[in-house]
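Subject: Structure for you to look at

Hi,

Here is the structure I promised to pass on. Have a look at it first, and then read on for what turned up.

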4 protein chains.
Amino acid sequence: MSDASPPSRGRPRDPRSHEAILRATAELMVESGYAATSIGAVAARAGVGKDTIYRRWPGKPELVFEAVFTTTDEVPPPDTGTLLGDLTALLQGLVDEFRAPAAAAALPGLLADFAADPDLRARIRGDFLAPSKERLLVVFERAVLRGEIAGETPVDLVLDTLAGAVFFHVGLVGEHPRRETAALLAAVVAKGIEVR
Amino acid sequence: MSDASPPSRGRPRDPRSHEAILRATAELMVESGYAATSIGAVAARAGVGKDTIYRRWPGKPELVFEAVFTTTDEVPPPDTGTLLGDLTALLQGLVDEFRAPAAAAALPGLLADFAADPDLRARIRGDFLAPSKERLLVVFERAVLRGEIAGETPVDLVLDTLAGAVFFHVGLVGEHPRRETAALLAAVVAKGIEVR
Amino acid sequence: MSDASPPSRGRPRDPRSHEAILRATAELMVESGYAATSIGAVAARAGVGKDTIYRRWPGKPELVFEAVFTTTDEVPPPDTGTLLGDLTALLQGLVDEFRAPAAAAALPGLLADFAADPDLRARIRGDFLAPSKERLLVVFERAVLRGEIAGETPVDLVLDTLAGAVFFHVGLVGEHPRRETAALLAAVVAKGIEVR
Amino acid sequence: MSDASPPSRGRPRDPRSHEAILRATAELMVESGYAATSIGAVAARAGVGKDTIYRRWPGKPELVFEAVFTTTDEVPPPDTGTLLGDLTALLQGLVDEFRAPAAAAALPGLLADFAADPDLRARIRGDFLAPSKERLLVVFERAVLRGEIAGETPVDLVLDTLAGAVFFHVGLVGEHPRRETAALLAAVVAKGIEVR
DNA sequence: GATTAAGCGAGACGGTACGTCTTGTCTTGAG
DNA sequence: CTCAAGACAAGACGTACCGTCTCGCTTAATC
C-alpha cells in the first residue's frame with residue numbers, strides 16, 4: 001500500500017557495490033587492522049569510488065561497525081531454566097562475537113573512535129550493547145520470577161561488567177579463548193547478584 | 001660490581017624538555033583528545049623540536065601513556081579487614097584514575113593503539129594492569145587467610161572484569177561518576193567469589 | 001592513426017592551479033632565491049596543496065625550470081645580413097633572458113640541481129640550450145653561404161662558450177648589465193671563427 | 001713588523017683534524033656530490049665533532065672551496081712566445097682543474113651557493129678567478145708588447161668567457177674531455193682578440 | 001706544579017623542509 | 001541521480017640537516 005515510496009529519480013544505487021564494500025572492509029580489518037585501514041584502500045579493493053562509500057556511510061566508524069557486526073543479534077534470549085545457565089549461554093555468545101577475526105581486529109579502534117566523537121558516543125550503549133541488554137533483561141525477568149534475584153538488579157552495570165570483562169580479557173589482552181572462561185565469569189556474576 | 005653505567009657522552013638530555021613535553025601532552029589530551037593530538041602539536045606547545053620527542057619516545061602511544069599515568073601506583077594495597085571493604089577501596093581507586101580528565105580522554109584511543117601493535121600489546125597487561133594486579137593479589141591472600149575465598153580464585157579474570165567494567169562504565173560510555181558505583185560493583189564481585 | 005589520446009577519466013586537472021603554482025614559484029624565486037624556496041612555500045602562496053604540485057612536477061628543479069623559462073623561444077633567428085649582426089642579436093637575447101629577475105635568481109641553483117642528477121643532466125643540453133642551438137645553426141648556415149665561416153665550425157663549443165660567458169658574466173658574478181657587453185662578445189667570437 | 005701575533009692561549013687547534021676534514025670533504029664530494037654532502041657526514045667520516053668544522057669554516061661553501069681547490073695556482077704564467085700558445089696552455093690548465101673528480105662534482109653546487117649569498121658573491125671573482133686573472137694579465141701584457149693585441153682588451157670579459165665556456169662544456173654538460181677542446185677554444189679567442 | 005682557557009668528540013637542542021599519506025569534498029564523462 | 005576515476009586543500013607523518021649548545025675530557029701556555 002501507499003508506502004510513501006521515495007521518488008527515486010536518477011540511477012538507483014547498485015546493491016552489489018554495497019556488498020563489495022562491506023566485504024572489502026571486513027577483509028582489510030583482518031589483514032591490516034582498524035587504524036591501518038583507510039577509506040581509500042577499502043574503495044580500491046571493492047573496485048568502487050570513494051564517494052560511493054561516503055554516500056552511504058558518514059565515516060569509517062559507521063562503515064566498519066556495519067561490516068563487522070552484520071550478525072544482527074536476532075538470536076532469542078537463552079532459556080535454560082536457571083540464571084547461571086542463561087548467563088553462561090549469553091556470555092558464550094558475547095565471547096564468540098568478540099573472538100571473530102574481523103570483530104577482534106576492529107573492536108578496540110572502533111570503540112575508541114566512537115568514544116572520541118560526541119555524536120557517536122551515545123551510540124555505544126545504543127548500537128553496541130542494546131541487543132545484548134534486551135536479552136539480558138528477559139533473562140533477569142525470568143530470574144526474578146523464579147526468585148533467584150531481586151527486582152532492582154542494576155542491569156546496565158551488570159551488562160557493562162560482562163561486556164567490559166570480555167572486551168578486556170579476549171579482545172584487548174588477546175587471551176587465548178579458553179572454553180571455560182564464559183562459564184567461570186557467569187558463575188561469579190550469577191552468584192554475585194543472587195539474593196542469597 | 002658491574003655498574004654498567006652509561007659513559008654519558010655528549011650533551012645530556014635536558015630534563016626541562018622532558019617535563020614540558022609531558023605537560024603539553026596531558027593538556028592537549030584534555031583539550032583535543034587522543035586522536036586529534038599530533039606529535040607536532042605537542043612539540044609546538046612544549047616549545048620543543050619534534051626530534052626531541054622522538055628521541056625519547058618511539059611514538060604517540062608510549063608518550064601519552066607516560067604523560068597520563070604519571071601517578072606511579074605506589075599506594076599500598078587497602079587493608080580494611082574484609083574482602084568487600086578491600087575490593088571497594090581498590091575499585092574506588094580505579095574509578096578515580098579512569099575519571100581523571102587526561103586519562104579519561106586518552107584511554108580508549110590509547111588502548112586501541114596498544115592493542116593494534118604486536119609489540120605494545122604485551123605491555124597492556126604489564127604496564128597498565130600490573131600495579132593493580134599486585135595489590136589485588138595481596139587483598140586475595142588476606143581474604144584466603146580469613147577464609148573468605150578459595151585459594152584458586154582466578155586473579156587475572158577478576159582483574160580484567162573489574163578493569164573492563166570500570167573502563168566500559170566510566171571511561172567509554174562516559175557515565176556520570178556515581179559515588180556508589182564502585183561499592184555496588186565490589187559487592188557483586190565479592191559475593192560472587194566468596195566461598196559461601 | 002594511433003591517436004593515443006588519454007581516455008581522460010576522473011576529474012581533470014584545474015589549469016588555474018597550474019598557473020597559480022607557476023606564478024607563485026616565479027615570485028618566490030625573486031623574493032627568496034632558489035635554495036630558500038621550498039615546495040611547501042610555493043603551495044602555500046599558490047593556495048594549493050603540496051600534492052597538487054607533486055602530481056605535476058617530479059621536484060623543485062623541473063617546477064622552477066618551467067616557471068622561469070616560460071618564454072618559449074619561438075623568436076625567429078635573427079637575419080641582419082652579417083654574422084656579426086646576427087651573433088650580436090642572438091647574444092642580446094641571451095643576456096636579456098639571463099637578466100630577467102626570476103631567471104637570474106634561479107639559474108645558478110637550477111643548473112646545479114640539474115647537473116647533480118644524472119637524469120636531469122642530459123636535459124641541460126636538451127631543454128636549456130636546444131632552442132638557442134637551433135637558431136645558432138640557422139645563423140651559421142647563412143654565414144657559410146655568405147662565405148664568412150667554414151662549414152665545420154663547432155656549433156656546440158661555440159654555443160657553450162656564448163652561454164657560459166653570459167652565465168658567468170651576468171648570471172653569476174652579477175655584473176651590471178652593460179649594453180655593450182653583448183656586442184663586444186659577439187665581435188670577439190665572430191672574428192674568432194671567421195675564415196679570414 | 002709587530003705581527004700582532006695572537007696570544008694563543010688554551011689548547012692549540014689540532015692540524016690533523018684540519019687535514020682529516022678536508023680529505024673527508026673531498027672524498028664525499030666525489031662519492032655523493034655537493035648537495036648530498038652534509039657537514040654532519042663530513043664530521044662523521046673525519047672522526048671529528050661538528051663544532052670542530054664550524055670553528056674553522058663558516059659553512060659548507062667555504063669548506064668545500066678549500067677542500068677542492070687546494071692546488072693554489074702558484075704555477076707561473078705560460079710563456080710560449082705566441083698569444084695562441086699561451087692561451088692554449090692556460091686553458092688546458094683550466095680544463096684539467098675543472099675535470100678533477102672532486103672539483104667537477106663540487107663546482108655547480110659550489111658556484112650556486114656562492115652566487116646565492118651576497119657576502120660570498122663577491123668572492124667568486126676574487127677567490128675563484130683571481131689566480132687565473134693574474135696569469136691572463138701577464139699573458140696579455142706580453143701579447144701587447146709583441147703587438148698581437150691592443151692594450152685595451154677587456155680582460156674580465158675574456159676571462160669570464162674562457163671560464164664560462166669550460167664550465168659549461170666540461171663541468172656542467174659533462175662533455176667527454178676532448179684533448180683538442182682547449183686548443184680549439186684558444187684558437188677562436190686568440191683570433192677574435194688579435195689586432196688583425 | 002697549579003691554574004686557566006681553548007680544543008675536542010659526542011650528541012642534545014629548536015627549527016624547518018622533505019615527499020608520502022589520508023581525509024572528506026569536488027568534478028569529470030558514462031550509465 | 002549513481003558510478004569509477006581521480007583531482008583538490010589541508011595537514012600529520014617520521015626522517016634528515018642546520019647551526020648552536022652543553023657535557024666531560026685533553027692539551028698546552030701562563031702563573
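A definition before anything else: helices (H or I, at least four residues) and strands (E, at least two) are DSSP runs, numbered from the N terminus. Please also keep in mind that this is a predicted model.

With that in hand, take residues 38–57 of chain A, which UniProt lists as "DNA-binding region" in an unreviewed entry. This span is 65% helix and 0% strand, and 14 Å separates the C-alpha atoms at its two ends.

Next, the way the chains are arranged. Two copies of a chain are related by a rotation about an axis and a shift along it. For chain B onto chain A, the turn is 179 degrees and the shift along the axis is 0.0 Å, with an RMSD of 0.2 Å. That is the relation of a two-fold axis. Both copies use the same surface, as 97% of the contact residues of chain B recur in chain A.

Chains C and D can be treated in the same manner: chain C superposes on chain D with an RMSD of 0.2 Å after a rotation of 180 degrees and 0.0 Å of shift along its axis. Here 97% of the interface residues of chain C are also interface residues in chain D, so these copies meet through the same surface.

What about the other pairs? Chain B and chain C share no contact, and their closest C-alpha atoms are 16 Å apart. Chain A and chain D do not touch either, with 33 Å between their nearest C-alpha atoms.

Inside chain C, I liked the packing of helix 1 (residues 15–32) against helix 6 (residues 101–116): their axes lie 8 Å apart at an angle of about 75 degrees. Angles of 65 to 115 degrees count as roughly perpendicular, so helix 1 of chain C is roughly perpendicular to helix 6 of chain C. From helix 1 of chain C come Ala26(C), Met29(C) and Val30(C), which meet Pro101(C), Ala102(C), Ala105(C) and Ala106(C) of helix 6 of chain C. The residues of this contact are seven nonpolar, no polar and no charged.

Last, one residue in chain A: is Phe98(A) buried or exposed? Phe98(A) sits in helix 5 (residues 83–99) of chain A, and its relative accessibility is 9%, so Phe98(A) counts as buried. Leaving aside residues up to four places away in sequence, Phe98(A) touches Ala103(A), Ala104(A), Leu107(A), Ala163(A), Val166(A) and Phe167(A). Val170(A) is 72 residues away from Phe98(A) along the chain, yet their C-alpha atoms are separated by 7.1 Å.

Best wishes

Notes. Residues are numbered from 1 along each chain as its sequence is written. Chains are lettered from A and ligands numbered from 1 in the order in which they are written. This is a predicted model: local features need pLDDT of at least 70, side-chain atom pairs count only at pLDDT 80 or more; totals for chains, interfaces and linings use all residues. Side-chain values use heavy atoms; hydrogens and water are left out. Copies are superposed by least squares on the C-alpha atoms of residues with pLDDT of at least 70 in both. Contact means heavy atoms within 4.5 Å. UniProt positions are given in the numbering used here, feature names are shortened, and annotations may be inferred rather than shown by experiment. Axes are lines fitted to C-alpha atoms, for helices over the stretch in contact, and angles run from 0 to 180 degrees between N-to-C directions. Angles under 35 degrees count as roughly parallel, over 145 as roughly antiparallel, 65 to 115 as roughly perpendicular and the rest as oblique. Ala, Val, Leu, Ile, Met, Phe, Trp, Tyr, Cys and Pro count as nonpolar, Asp, Glu, Lys and Arg as charged, and the others, Gly among them, as polar. Buried means under 20% relative accessible area, exposed over 50%, partly exposed in between (1.4 Å probe, protein chains only).
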